[in-house]
Structures are given as C-alpha cells and as structure tokens.
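This report describes a structure for a reader who meets it here for the opening time. It begins with a short point of terminology and then turns to the parts one by one.

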2 protein chains.
Amino acid sequence: MSDKLTFTLHELVQVLDQSADSLLTSKYGVTGSQFVFLATLEDVEPTDVTTLAECLGVSKAAVSKRVPSLADAGWITTADDPHHKRRVVLTVTQRGRDLVERAGRDLDAQFTALFQHPAAAGLDPRLLKDQLNTLISILRQNGPLS
Amino acid sequence: MSDKLTFTLHELVQVLDQSADSLLTSKYGVTGSQFVFLATLEDVEPTDVTTLAECLGVSKAAVSKRVPSLADAGWITTADDPHHKRRVVLTVTQRGRDLVERAGRDLDAQFTALFQHPAAAGLDPRLLKDQLNTLISILRQNGPLS
DNA sequence: ATCCAAGTGTTAACTGGTTGACATGTCCGA
DNA sequence: TCGGACATGTCAACCAGTTAACACTTGGAT
C-alpha cells in the first residue's frame, strides 16, 4: 500500500521527464538535463561553478565537467573573475537565453494543458504542490533517517 | 508557477530516496537501488534478464552488468533454463528474501509514519496516489510529446 | 529440412553522476 | 606580515545507466 505511493511518484517523474525530454530534443535540440542546466544558470547568472552546483543539487565536479561542452556548443560563456583568480564566472549566451525563454514557455504550456484534461477535473496544481511540499518539509525535519 | 510543481516533484523523490537509502545502508547494508532490484526480482522470480529489465524500467544491459556482483554478494542466484540455452534464470536467495521482507517492513513503517505527522493533517496517501496516477495516465495517453 | 526473423544476453563506447585528492588562491588572526 | 584555514576548480577512479553491435538460440514459414 504505502510503498506503492513512492513507486507511483517515481513513475510520474519518469514519464514527465521523458515527455519534456522528447519535446526539448525534437523541437529545440537540447536534452532535458541541458535545459535544466541553462535555465538554472540563467536564474542566478553570473555565478561560479560552486554556486551553480549547489543550485543544481549536484557536485562541483559534475558541473566542472559539463562546462566545456556547453561552452563549445555556444550555450554558455566562461570568464575570469578579476577579484579571484581561481573563480570561473559562468553566463548564458544570448542564444541560450532565447532557448530557455522559448522552450520554457513551451513546456509550461504543455504542463498546464495537462490539468485542463477532462480526466484531471478535481485536480488543483497548487494544492498538489502544497501537499508535496508538506511531505518534503516533514522528511527534512525528521532528519536523514528517523 | 507550473514548472515549480515539477521541481517540487523532483525534490520530493530526491529527499525520499535519500531517506530510504540512508536507512537501508545503515541498517541493512544495501543501497536503495540494490533493494529495489531485489524487491522487484522477488516479485516476479524466477525470471530472466529481459523480463526483470522491463520490470525495473531499465535496459537489459544494465541488469546484465549488475547480476555478477549481486550473485557474488549472495543476494541472488543464476541458473540455466533447460529449455533455452541462452536464457539466464534469476532468483533471490533466502538471505535476499529475508532482507526484502525485513527492510520492506521497516521502510513501510517509516513511510506511514510520515502521514501521521501533525503537519500532514489533511493528507490522504490514497487520494494523493490516485491524483498522481491520473497525471501519469493523461501523460501516457497524450503520447511522448503532445 | 532449411533458412531467416525474432528473442536473449553480453560487450564496448559513451554519458553524467559520485568521492577523494590535489594545486592554487584568498583572507583573517596572531 | 605571514601562516594556516578555508574556498575554488580540476583530475582520477569509480559506479550505473544508455545505445549499438554482436553471437548465439529458437522456432516457424516455405
């Protein structure tokens, strides 16, 4: 019973990610994880590797390894910080900003359409989000394992 | 707004998985993904690599690569199918079955306790699961990208 | 009976994550 | 001022997933 919910949760994020990924790949030529990287960076740019890693919830090393290919592809740029020689300052290129703006709008439209489906009659996205956030805060409060 | 829900969803499964993983690691000496492997296999054993891969939602190759270490660790056994020389039949060992039974009960208890927290007053796990399943079926129905 | 398509599992090369070690840079306190 | 603690990014080694190619088995159609 109970563990079925966690199963359902995993299933939902899987199908959601897959749906987003296929839209992004076919229409915009980026993977889902690339989009998340760019959208997150755009939200906090200009910033450094460490801060972006925290925002993405991954390690510094993971970000560090992805930077070269994204820069080569023209999505982001790297610059030196005149005040700190080891710092690498990351920004999104104009092309990257355009992508995030257009694709983000597209994804948003697809997602809101979900809730306008007849089968989703009694479903309020805001309420749902609140419930999930409640669970998150309880879990965080409990500590790693209770 | 809308995409915040997908963000919340990812955050919830992350903290949930992390919580389960720390319990499993500290009390039972397996990772979360090993537990999922064993619990899933136990549900359909005896079975072959291909079927288990489908049940786990991963590729055959991923299962094939994990089998040797799990067998070495004494969690599963591999056997030949007398009717099909290429088939590898997988089963959980008694030790594995015990683990799944005990750890599964433990996880279940932790999880139901979540919903008995005062902050989770208006939260019905069954209702929540139904809502998530509704979203899944709409997404599946829409096809990969709508 | 034979042959070919489909099924089954393994391997190689790749992706993207982890941790731990490391070199280097910054900055504060003695 | 200078010495050590901390910050910062990169590297190596590893883990676990992917797809594509492969070798082998099975079984049915001709």
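A strand, as the word is used for the protein here, is a DSSP run labelled E of at least two residues, numbered from the N terminus. By that rule, residues 47–48 of chain A form strand E1, and Thr47(A) is found there. The model is a predicted one.

## Thr47(A) and its surroundings

Thr47(A) has a relative accessible area of 5% and is therefore buried. Apart from neighbours within four places in sequence, Thr47(A) is in contact with Leu41(A), Leu52(A), Arg87(A), Val88(A), Val89(A) and Leu90(A).

## Helix H4 of chain A

H4(A) has 13 residues, which at 1.5 Å a residue should span 18 Å; the C-alpha atoms at its ends are 19 Å apart, in agreement with that expectation. The helix bends by about 30° at Arg66(A), and the proline Pro68(A) follows within four residues. Val63(A), Val67(A) and Leu70(A) are buried in H4(A). The partners against which the buried residues of H4(A) pack are helix H2 (32–44), H3, strand E2 (76–81) and E3, all of chain A. Just after the helix, Gly74(A) adopts a positive phi of about 85°.

## The surface near DNA strand D

Which residues lie closest to DNA strand D? Of the 21 residues that surround this strand, the closest are Thr50(A), Ser64(A), Arg86(A), Ser59(B) and Arg66(B). Among the atoms of DNA strand D that come within 4 Å of the protein, sugar and phosphate account for 57%. Both protein chains contribute elements to this surface: helix H3 (49–56), helix H4 (60–72) and strand E3 (84–92) of chain A, and helix H4 (60–72) and strand E3 (84–92) of chain B, each supply at least two residues. By class, the residues of the surface near DNA strand D comprise six nonpolar, six polar and nine charged.

## The surface near DNA strand C

DNA strand C is surrounded by 21 residues, and the closest are Ser59(A), Arg86(A), Thr50(B), Ser64(B) and Arg86(B). Sugar or phosphate holds 60% of the atoms of DNA strand C within 4 Å of the protein, and the rest belong to bases. A phosphate oxygen of this strand is 3.3 Å from an N or O atom in the side chain of Arg66(A). The elements giving two or more residues to the surface near DNA strand C are H4 and E3 of chain A, together with helix H3 (49–56), H4 and E3 of chain B. This surface has six nonpolar, six polar and nine charged residues.

The table lists polar side-chain contacts with the two DNA strands.

| Residue | DNA strand and atom | Distance |
|---|---|---|
| Lys60(A) | DNA strand D, base nitrogen | 2.8 Å |
| Ser64(A) | DNA strand D, phosphate oxygen | 2.6 Å |
| Lys65(B) | DNA strand D, base oxygen | 2.9 Å |
| Lys60(B) | DNA strand C, base nitrogen | 2.8 Å |
| Ser64(B) | DNA strand C, phosphate oxygen | 2.6 Å |

## Leu56(B) in helix H3 of chain B

Leu56(B) belongs to helix H3 of chain B. Is Leu56(B) buried, partly exposed or exposed? With a relative accessible area of 23%, Leu56(B) is partly exposed, because buried requires a value under 20% and exposed a value over 50%. Not counting residues up to four places away in sequence, Leu56(B) touches Val36(B), Phe37(B), Thr40(B) and Val63(B). From Leu56(B) to Leu114(B) there are 58 residues in sequence and 26 Å in space, C-alpha to C-alpha.

## Helix H6 of chain B

The 18 residues of H6(B) should span 26 Å at 1.5 Å a residue, and the end C-alpha atoms are indeed 26 Å apart. The N-terminal end of H6(B) is capped by Asp124(B), a side-chain oxygen of which lies 3.0 Å from the backbone nitrogen of Arg126(B). The buried residues of H6(B) are Leu128(B), Lys129(B), Gln131(B), Leu132(B), Leu135(B), Ile136(B), Ile138(B) and Leu139(B).

One of these, Gln131(B), lies in the helix formed by residues 125–142 and counts as buried because its relative accessibility is 14%. Where are the contacts of Gln131(B), leaving aside its neighbours within four places in sequence? They are with Gly122(A), Leu123(A), Leu128(A) and Gln131(A).

Notes: Residues are numbered from 1 along each chain as its sequence is written. Chains are lettered from A and ligands numbered from 1 in the order in which they are written. This is a predicted model: local features need pLDDT of at least 70, side-chain atom pairs count only at pLDDT 80 or more; totals for chains, interfaces and linings use all residues. Side-chain values use heavy atoms; hydrogens and water are left out. Buried means under 20% relative accessible area, exposed over 50%, partly exposed in between (1.4 Å probe, protein chains only). Contact means heavy atoms within 4.5 Å. A residue is near a molecule or strand if one of its heavy atoms lies within 4 Å of it. A polar contact is a pair of N or O atoms within 3.5 Å; within protein, one must be able to donate a hydrogen and the other to accept it, and residues adjacent in sequence count only if both atoms are side-chain atoms. Ala, Val, Leu, Ile, Met, Phe, Trp, Tyr, Cys and Pro count as nonpolar, Asp, Glu, Lys and Arg as charged, and the others, Gly among them, as polar. The expected span of a helix is 1.5 Å times one less than its number of residues. The bend at a residue is the angle between axes fitted to the seven residues ending there and the seven starting there.
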